[in-house]
Every structure is written in structure tokens, then in C-alpha cells.
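Biologist: I'm new to this structure and would love a close look at one part of it. Could you pick a single helix and walk me through what surrounds it?

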Amino acid sequence: MLESRYISRIAQEVALKEDQVSRTIGLFDSGATIPFIARYRKDVTGNLDEARLEAIQEGAKYYDALVRRRDDILDTIEKQGKLTEELRAEIDGCYDRT
């Protein structure tokens, strides 16, 4: 499951409530597909359509990749012995993979 700050960003990007986004990501994490969620899990998502579900899924994938990339970068810099708390904070505050 994504950190709450990323769920908040996705919610802002798709103009939804954080709990809707969180519950929807939980469904994706459990293996549910967009068509399944759109048809059978409307009660969980708050009746979201396929376009919004896809936007949430893409956002979740993006931020998941961002977290993995961030962790790799931090690990590499730490192994070099050049990681400072200031640099860690700057990298942690970044929302762009590049």
C-alpha cells in the first residue's frame, strides 16, 4: 500500500476523496481489475467510472515506481557514504521520478 502522502496526491490529481482512492488502491492491490471494480465494487469506490479508476491505477503505479526508484537512489548514495540528512529530505520530498 502506498504512503498516505501519495494517496493524497492522487486524490488531488483526480479530484476525489482520499478514502475513495485508498479503498480503490486496496482493490487493485488485491488483484481486482478495472472492469471488475467498475461493475461489482461500486459500493467500495463510491460509484467511480472506468476513467477515474484508470487514473487512480496509473497514479498508484507511478508513485509505486517513484518509491522504488527513490529507495534505490538513497541506497546507492548511502553505500557511497555521501548521504546527508539534508539530501535525504530533498530526495524524500520529490514527486518526480526524473
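Modeller: Let's start inside helix H5, where Asp75 and Lys79 sit 4 residues apart, or about one helical turn. (Helices here are DSSP runs of H or I with at least four residues, strands are runs of E with at least two, and both are numbered from the N terminus.) Before going further, please keep in mind that this is a predicted model, in which local features need pLDDT of at least 70, side-chain atom pairs count only at pLDDT 80 or more, and totals for chains, interfaces and linings use all residues. Residues are numbered from 1 along each chain as its sequence is written, and side-chain values use heavy atoms, with hydrogens and water left out.

Back to our pair. An α-helix has 3.6 residues a turn, so residues three or four places apart point the same way. The side chains of Asp75 and Lys79 meet in a salt bridge, with 3.3 Å from N to O; the term asks for a side-chain nitrogen of Lys or Arg within 4 Å of a carboxyl oxygen of Asp or Glu. Asp75 is partly exposed at 34% relative accessible area, while Lys79, at 69%, is exposed. (Buried means under 20% relative accessible area, exposed over 50%, and partly exposed in between, using a 1.4 Å probe and protein chains only.)

A little earlier in sequence comes Arg70, which also lies in helix H5. Arg70 forms a salt bridge with Glu3, and their closest N and O atoms are 3.4 Å apart. Glu3 belongs to the segment before H1, so this pair ties together parts that are 67 residues apart in sequence. Arg70 is buried, with a relative accessible area of 10%, whereas Glu3 is partly exposed at 34%. Asp71 also forms a salt bridge with Arg70, again with 3.4 Å between the closest N and O atoms, and Asp71 is partly exposed at 39%. These residues belong to a wider salt-bridge network that links Glu3, Arg5, Arg70, Asp71 and Asp92. Across the whole structure, a search finds 7 salt bridges.

Now for the way H5 meets a neighbour. Helix H5 covers residues 50-79 and packs with helix H2, residues 18-29, at an angle of about 75°, their axes being 10 Å apart. (Axes are lines fitted to C-alpha atoms, for helices over the stretch in contact, and angles run from 0 to 180 degrees between N-to-C directions.) H2 and H5 are therefore roughly perpendicular to each other, a label for angles of 65 to 115 degrees, where under 35 is roughly parallel, over 145 roughly antiparallel and the rest oblique. On the H2 side, Val21, Thr24, Ile25 and Phe28 meet Leu53, Ile56, Gln57 and Ala60 of H5, contact meaning heavy atoms within 4.5 Å. By class, this contact has 6 nonpolar residues, 2 polar ones and no charged ones. (Ala, Val, Leu, Ile, Met, Phe, Trp, Tyr, Cys and Pro count as nonpolar, Asp, Glu, Lys and Arg as charged, and the others, Gly among them, as polar.)

Val21 in H2 deserves a second look. Val21 is buried, at 0% relative accessibility. Leaving aside residues up to four places away in sequence, Val21 touches Ile7, Ile10, Ala11, Val14, Leu16 and Ile56. The C-alpha atoms of Val21 and Ile7 are 6.6 Å apart, although the two residues are 14 residues apart in sequence.

Ile7 leads us to helix H1, residues 4-14, where Tyr6, Ile7, Ser8, Ile10, Ala11 and Val14 are buried. The buried residues of H1 pack against H2, H5 and helix H6 (85-92). After H1 comes Ala15, whose phi is positive, near 55°.

Finally, some aromatic company. The structure holds 4 aromatic pairs, and ring pairs link Tyr6, Tyr62, Tyr63 and Tyr95 into a cluster. (Rings of Phe, Tyr and Trp, the last by its six-membered ring, pair if their centres lie within 6.5 Å; planes under 30 degrees apart count as stacked, over 60 as edge-to-face and the rest as tilted.) Tyr6 is one of the buried residues of H1. Tyr62 is partly exposed at 25% relative accessibility, while Tyr63 is buried at 2%.
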